[in-house]
Each structure stands twice: as structure tokens, then as C-alpha cells.
Amino acid sequence: AISQCSMQFTIANWKTEQVIEVKAVRDFVNDGNKEADVEIQTVVFPNSTSPEWRDMIVHVQVTSQNAPSRTCHSITDPHYQTFDQMRYNIYGFGQFVLVKSKHRVFEIQTRTWNCRKEYSDHPSCNCGVAIREDND
């Protein structure tokens with residue numbers, strides 16, 4: 001989604017370069033590249049002495065490109081593979097955060113427990129997983 005924003009030029013800053021940053025946000029939906037037409041329009045106050053800026057419209061086309069999705073997994077006495085294909089082993093018991101996004105509300109937690117008490121090394125096993133996205 002594209003939100004509206006505004007920028008005001010004044011006598012003090014009209015000669016200073018103004019930058020409008022347009023950035024695509026990954027939505028994790030494999031729906032092909034999407035194009036958006038961004039319209040930048042000037043609004044000049046009625047008493048302005050710069051009629052050349054009145055009702056100027058600039059169109060900029062922005063393309064949001066799909067990026068390949070990644071997977072992670074956990075198997076057996078838990079062996080983990082992360083989204084970047086790194087492998088880890090967690091032999092302890094308890095709750096662990098496997099994934100926590102820095103860019104959105106997304107987190108995956110796992111719980112491990114002692115699954116074979118008859119063995120002397122007490123292997124741990126996955127016994128639960130919780131996934132949170134936004135307020136779900």
C-alpha cells in the first residue's frame with residue numbers, strides 16, 4: 001500500500017534539494033512483479049508569487065519485484081535449518097525463539113522436552129511450536 005505524504009517548501013528551503021523516498025515493502029506473497037504509479041502534485045497557496053509551480057504533476061512508476069521465498073525447518077532431536085540454510089542443534093530443554101523479524105511483527109518459537117528418559121544422554125524432542133504474525 002502507498003500512503004500519502006506531504007512536503008512544504010518555504011522561502012528558507014526552496015533552493016534546498018528535497019527528496020521523496022519511495023520504497024517497496026516485501027509482502028511475502030508470490031504474486032509476480034507489481035507496478036505502481038506514484039503521482040506527485042504541487043499545491044500552491046493562492047497568494048503565491050510562483051504560478052509556474054501551480055498544479056504541476058509528476059508521475060513516477062515504481063516496480064516491486066518478487067524475491068524468492070525461504071523455508072526453515074526442525075527435525076528429530078531437534079536439528080534446525082534456518083532461512084539462510086545454516087544448521088544448528090539444540091539439545092537442551094525449554095522454549096526457544098527460532099525467528100524474530102526486525103522489520104515486522106513475526107516470530108516463531110519452539111518448545112523441546114526430554115523425549116527418552118531411558119537413555120543416559122536424554123535426547124530432546126520438539127513438543128510444540130508457536131507462530132505469531134501481527135496480532136494473530
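In this predicted model, E133 has a relative accessible area of 35% and therefore counts as partly exposed, since that value lies between the 20% limit for buried and the 50% limit for exposed. The protein that contains E133 is built from eight strands and zero helices, and buried residues account for 13% of its 136 residues. The points below take up the salt bridges, the overall make-up, one open sheet, and the surroundings of Q81 and Q18.

**Salt bridges**

- Side chains of opposite charge can pair when their charged atoms come close.
- With a limit of 4 Å between a side-chain nitrogen of Lys or Arg and a carboxyl oxygen of Asp or Glu, the count comes to two salt bridges.
- In one of them, the side chain of R104 meets that of E133 at 2.2 Å, taken from N to O. Because R104 lies in the loop between strand 6 (94–100) and strand 7 (106–114), while E133 belongs to strand 8 (residues 124–133), the pair ties together parts that are 29 residues apart in sequence.
- R104 is partly exposed, with a relative accessible area of 28%, and its partner E133 is likewise partly exposed, at 35%.
- A salt bridge also joins the side chains of E107 and K100, with an N to O distance of 3.9 Å; here E107 is buried, at a relative accessible area of 11%, whereas K100 is exposed, at 60%.

**Overall make-up**

- Read from the N terminus on, the elements follow one another as β-β-β-β-β-β-β-β.
- Among the contacts with a separation of 6 or more, 33% are between residues that lie 24 or more positions apart.
- The protein exposes about 11,700 Å², and carbon and sulfur atoms supply 53% of this area.

**The open sheet of strands 3, 4 and 5**

- Strands of a sheet pair through backbone hydrogen bonds, either parallel or antiparallel.
- Three strands form an open sheet in the order 3-4-5, and their pairing is antiparallel. Strand 3 (73–75) and strand 5 (87–89) are the edge strands, each of which pairs on one side only. On average, and with direction ignored, neighbouring strands of this sheet are turned by 20° against each other.
- Strand 3 and strand 4, which run antiparallel, are joined by three bridges, and the bridge partner of H73 in strand 4 is Q81.

**Surroundings of Q81**

- Q81 is found in strand 4 (residues 79–81), and its relative accessibility of 9% is under 20%, so Q81 counts as buried.
- The side chain of Q81 makes a polar contact of 2.4 Å with that of Q85 and a polar contact of 3.0 Å with that of R87.
- When neighbours within four places in sequence are left aside, Q81 is in contact with C72, H73, M86 and R87; H73, already named as the residue whose bridge partner is Q81, therefore appears in this list as well.

**Surroundings of Q18**

- Q18 is found in the segment before strand 1 (34–41) and counts as partly exposed, at 29% relative accessibility.
- Leaving aside its neighbours within four places in sequence, Q18 is in contact with M7, F9 and N13.
- Q18 and Q8 are 10 residues apart in sequence, and their C-alpha atoms are 9.5 Å apart in space.

Methods:
Residues numbered from 1 in each chain as written. Predicted model: local features only at pLDDT ≥ 70, side-chain atom pairs only at ≥ 80, totals over all residues. Heavy atoms only, no water. Helix = DSSP H or I, 4+ residues; strand = E, 2+ residues; numbered from the N terminus. Buried < 20%, exposed > 50% of the residue type's maximum accessible area, 1.4 Å probe, protein only. Contact = heavy atoms within 4.5 Å. Polar contact = N/O pair within 3.5 Å; in protein donor to acceptor, adjacent residues only side chain to side chain. Areas by Shrake-Rupley, 256 points an atom, 1.4 Å probe, with all protein chains shown as cover. Pairing = 2+ DSSP bridges. Axes fitted to C-alpha atoms, helices over the stretch in contact; angles between N-to-C directions.
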